[in-house]
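Work through the exercises below with the model open. Try each task before reading its solution.

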Amino acid sequence: MAKPFNLDPVAIVEKRFDIDFKGYNADQVDGFFDLVIQDYQTYDRLLQQANEQLQDLERTNASLRAKQIELEGRLKVHEASEENFPTGMTNVDILKRLSRLEKEVFRK
């Protein structure tokens, strides 16, 4: 990703100005640019950390969305199975019911 800035720390360090008879004090300008460079470096580091955190959060979000879809699917299956069997029905009750149905089917 290209940075949307005109300057970076290296460009600031390498910048040279023409010296004029009534120019600024070179030491003061250099001192000020040193502060600007430090701020650029700090900002760049913070921006990289924020981008890394954003990518990590996007991965986590995608993982959680997949888990949500999976759990919603399981819930639908569970709800569908509850519709077929009355609440509170145990495996023994289901087996008894199945046995009665088999007797009815195979008697005929």
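## Exercise 1: a buried position

I37 sits in helix α2. The model is a predicted one.

**Task.** Decide whether I37 is buried or exposed, and find how far its C-alpha atom lies from that of V10.

**Solution.**
1. Take the relative accessibility of I37: 9%.
2. Apply the cut-off: buried means under 20% relative accessible area.
3. I37 therefore counts as buried.
4. Now turn to V10. I37 and V10 are 27 residues apart along the chain. Their C-alpha atoms are separated by 8.2 Å.
5. Set I37 against the whole protein chain: of its 108 residues, 2% count as buried.

## Exercise 2: the overall layout

**Task.** State how many helices and strands the protein chain has, and give the pattern along the sequence.

**Solution.**
1. Count the elements: 3 helices and 0 strands.
2. Read along the sequence: the pattern is α-α-α.
3. Place two of the helices. Helix α2 covers residues 26–84, and helix α3 covers residues 91–107.
4. Add the surface. The accessible surface of the protein chain is about 10400 Å². Carbon and sulfur atoms account for 56% of that surface.

## Exercise 3: salt bridges

**Task.** Find how many salt bridges a search of the whole structure gives. Then describe the one between D56 and R59 and the one between R74 and E70.

**Solution.**
1. The search of the whole structure finds 2 salt bridges.
2. Start with D56 and R59. Their side chains meet at 3.8 Å, N to O. The cut-off is within 4 Å.
3. Check the spacing. D56 and R59 are 3 residues apart in helix α2, so about one helical turn separates them.
4. Check exposure. D56 is partly exposed, at 39% relative accessible area, whereas R59 is exposed, at 53%.
5. Move to R74 and E70. The closest N and O atoms of this salt bridge are 2.9 Å apart.
6. Check the spacing again. R74 and E70 lie 4 residues apart in helix α2, so they too are separated by about one helical turn.
7. Check exposure again. R74 is exposed, with a relative accessible area of 54%. E70 is partly exposed, at 36% relative accessibility.

## Exercise 4: an aromatic pair

**Task.** Find how many aromatic pairs the whole structure holds, and classify the pair of F32 and F33 as stacked, edge-to-face or tilted.

**Solution.**
1. A search of the whole structure finds 1 aromatic pair.
2. The ring centres of F32 and F33 are 6.2 Å apart.
3. Their planes stand at 50°. Stacked needs under 30 degrees, and edge-to-face needs over 60.
4. The pair is therefore tilted.
5. Finish with accessibility. F32 has 51% relative accessibility, so this residue counts as exposed.

## Exercise 5: a charged patch

**Task.** Name the residues that form a positive surface patch, and say which helix holds K103.

**Solution.**
1. The patch consists of K96, R97, R100 and K103.
2. K103 belongs to helix α3.

Technical notes
Residues numbered from 1 in each chain as written. Predicted model: local features only at pLDDT ≥ 70, side-chain atom pairs only at ≥ 80, totals over all residues. Heavy atoms only, no water. Patch = residues over 30% accessible without salt bridge, like charges linked within 9 Å, V, L, I, M, F, W, Y side chains within 5 Å. Areas by Shrake-Rupley, 256 points an atom, 1.4 Å probe, with all protein chains shown as cover. Lys, Arg positive; Asp, Glu negative; His and termini not counted. Charge placed at Lys NZ, Arg CZ, Asp CG, Glu CD. Helix = DSSP H or I, 4+ residues; strand = E, 2+ residues; numbered from the N terminus. Phe/Tyr/Trp six-rings, centres within 6.5 Å; stacked < 30°, edge-to-face > 60°. Buried < 20%, exposed > 50% of the residue type's maximum accessible area, 1.4 Å probe, protein only.
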